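Student: I've just opened this model and want a quick tour. Can we start with how the parts touch one another?

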Amino acid sequence: MSMDRAELTTEEVLRRDIPWETYMATKLISGTGLQLLRRYDNKSESQRAALLDDDGPAYVGVFVNILRDISKEETIEYVFGLIDEMLAANPKRARLFHDRSLSGSDTYGPFLKWLWKGNWFIQEKSCKTLSLIMSVRPKYKVGILSNGKAANEKSIFTSADDALKGLVEWLCSQLKNPSHPYRAVPTAVNCLATLLRETSVRASFVQADSVKLLVPLITPATTQQSIQILYETCLCVWLLSYYDAAVDYLATTRILPRLVEVVKGSTKEKVVRVVILTFRNLLSKGAFGAQMVDLGLLQLVLSLKGQSWSDEDLLEALNQLEEGLKDNIKRLSSFDKYKQEVLLGQLDWSPMHKSPGFWKDNITNFEENDFQILRVLLTILDTSNDPTALAVACYDLSQFIQFHPAGRIIVSDLKAKERVMKLMNHENAEVTKNALLCIQRLFLGSKYASFLQS
């Protein structure tokens with residue numbers, strides 16, 4: 001028997017006959033519950049729709065009570081089948097679970113219970129249903145829990161927040177140790193792509209150290225099925241790219257090269273769109289911009305711009321990326337130009353020396369090779385006969401002190417003080433002025449020195 005044959009479908013489950021009367025006899029179902037079930041069970045979709053329109057919360061209440069009170073697997077599967085069918089026909093019915101009339105019972109608890117103890121059919125239905133219920137829950141004002149209780153009343157019920165936490169915990173556990181060989185991961189990703197719209201879910205997801213579990217799923221896709229899970233994974237990453245703690249995590253993974261490969265290998269507009277929107281969010285964060293330049297993203301963006309996309313957001317994001325990447329390249333190359341100037345000892349007053357933007361953007365580049373550039377600037381102070389080079393070198397050192405958080409300590413450690421002091425009696429006024437500025441910054445710190453600067 002193949003895996004698929006062995007797997008239940010909702011259709012198969014709903015062909016069963018469930019002996020509701022015996023449950024009533026053992027008090028597991030109330031008389032009203034039995035009446036409602038008889039009215040609803042084995043009816044056509046249109047008859048059921050009419051019943052749900054008239055009395056939806058009552059039926060939902062009966063379903064939830066069965067999930068809470070009955071442990072027989074066949075019956076639980078059957079009720080999950082009924083719920084699955086009801087929501088598949090109209091997802092808006094998930095709102096019935098939040099009806100005020102149910103606030104006196106634990107609506108979410110039974111779903112969490114079955115997530116952890118059911119077979120795969122039950123787990124899958126439970127997580128899809130709970131995800132949908134959570135995504136349409138009303139957002140009450142502060143001080144009121146989602147089950148209608150005031151926050152200071154201790155509720156014996158599972159609050160919506162706890163249910164959401166429990167659900168996310170289960171979804172993360174499925175990414176780590178799937179309870180089904182090929183359906184658990186797609187199911188978990190599918191639910192997360194909806195739930196990660198909420199900031200609290202992003203926080204739980206990062207806390208569970210699950211960001212890295214998405215990375216291996218980002219790989220070029222060929223089949224319809226694999227394209228869908230790739231798309232939903234990229235959707236999760238896009239939602240996480242709005243959350244700084246998640247971005248810090250992403251920075252420690254090999255996610256960028258994988259996303260670039262996906263765009264190169266994808267013809268599906270929705271996949272390209274969500275990855276490009278993610279790139280746009282990450283462009284200004286940490287080292288992502290420089291990494292994108294290294295990966296040749298600009299060439300890719302330009303070739304994508306040459307294709308005919310219908311989506312306005314995608315076109316706008318491509319333009320913003322192009323602009324941002326060109327900016328990054330300019331910034332990177334302005335440091336390269338600066339490096340050339342210093343290494344050749346040919347310093348002059350080119351605009352970057354006095355540009356605060358240049359120093360802000362590039363200050364960490366000065367740390368390369370154990371502060372090589374600073375050491376060369378000091379060598380220039382020792383050896384150069386060119387007054388302009390000497391003046392600029394002093395000025396650059398004072399800029400470094402101002403813009404680097406540990407600037408004064410680093411420059412002092414490199415024994416700059418004696419060398420700059422020597423230049424205080426230089427015959428050239430420009431040299432003495434910049435040597436003085438450098439000494440003031442060394443002694444006073446940037447706060448006090450900045451107002452001394454003429």
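Tutor: Contact here means heavy atoms within 4.5 Å. Helices (H or I, at least four residues) and strands (E, at least two) are DSSP runs, numbered from the N terminus. The model is predicted: local features need pLDDT of at least 70 and side-chain atom pairs pLDDT 80 or more, while totals for chains, interfaces and linings use all residues. Residues are numbered from 1 along each chain as its sequence is written, and side-chain values use heavy atoms, without hydrogens and water.

Student: OK, take α11. Which of its residues are buried?

Tutor: Helix α11 covers residues 199-207, and V201, R202, A203, S204, F205 and V206 are its buried ones. Buried is under 20% relative accessible area, exposed over 50%, and partly exposed in between (1.4 Å probe, protein chains only).

Student: And what do those buried residues pack against?

Tutor: Five helices: α9 (160-176), α10, α12 (211-214), α13 and α14 (244-251).

Student: What comes just after α11?

Tutor: D209, with a positive phi of about 55 degrees. D209 sits in the loop between α11 and α12 and is not a glycine. Most residues other than glycine have a negative phi.

Student: Is D209 buried, exposed or partly exposed?

Tutor: D209 is partly exposed, at a relative accessible area of 26%.

Student: Where is D370, which also has a positive phi?

Tutor: D370 is in helix α21, residues 368-383. Its phi is about 55 degrees, and D370 is not a glycine either.

Student: Switching to the inside. How many residues are in the largest nonpolar core?

Tutor: That core has 113 residues, and W20 and F279 have the most contacts inside it. α13 contributes the most to this core, with 11 residues. A nonpolar core is a set of buried Ala, Val, Leu, Ile, Met, Phe, Trp, Tyr and Cys residues joined through side-chain atoms within 4.5 Å.

Student: What does F279 touch?

Tutor: Leaving out residues up to four places away in sequence, F279 touches L256, L259, V260, V263, M292, L297 and L321. There is also a second, separate core of 37 residues, with W359, F371, I373 and V420 among them.

Student: Now the empty space. How much is in the largest pocket?

Tutor: About 350 Å³. On a 1 Å grid over the protein atoms alone, a pocket is an open set of points with protein on both sides within 12 Å along at least five of seven lines; in a cavity a 1.4 Å probe fits but cannot get out, and lining residues have an atom within 4 Å of a point. Points join across faces, edges and corners, and volume is the space filled by probe spheres set on them.

Student: Which residues are closest to the centre of the largest pocket?

Tutor: G286, A290, N328, R331 and D361, out of 16 that line it. Helices α17 (288-294), α19 (312-343) and α20 (356-362) each give two or more residues to that lining. α19 has the largest share, 5 residues.

Student: And the second largest pocket, what is its volume?

Tutor: About 260 Å³. Its lining includes K128, Y182, R183, N190, Q225 and E232. α10 (184-195) and α13 (224-240) are the elements that give two or more residues to the lining of the second largest pocket.

Student: How many cavities of 30 Å³ or more are there?

Tutor: There are 2. The second largest holds about 50 Å³, and Y40, E45, R48 and R93 are among its lining residues. α5 (45-69) and α6 (73-89) each give two or more residues to that lining, and α5 gives the most, 4 residues.
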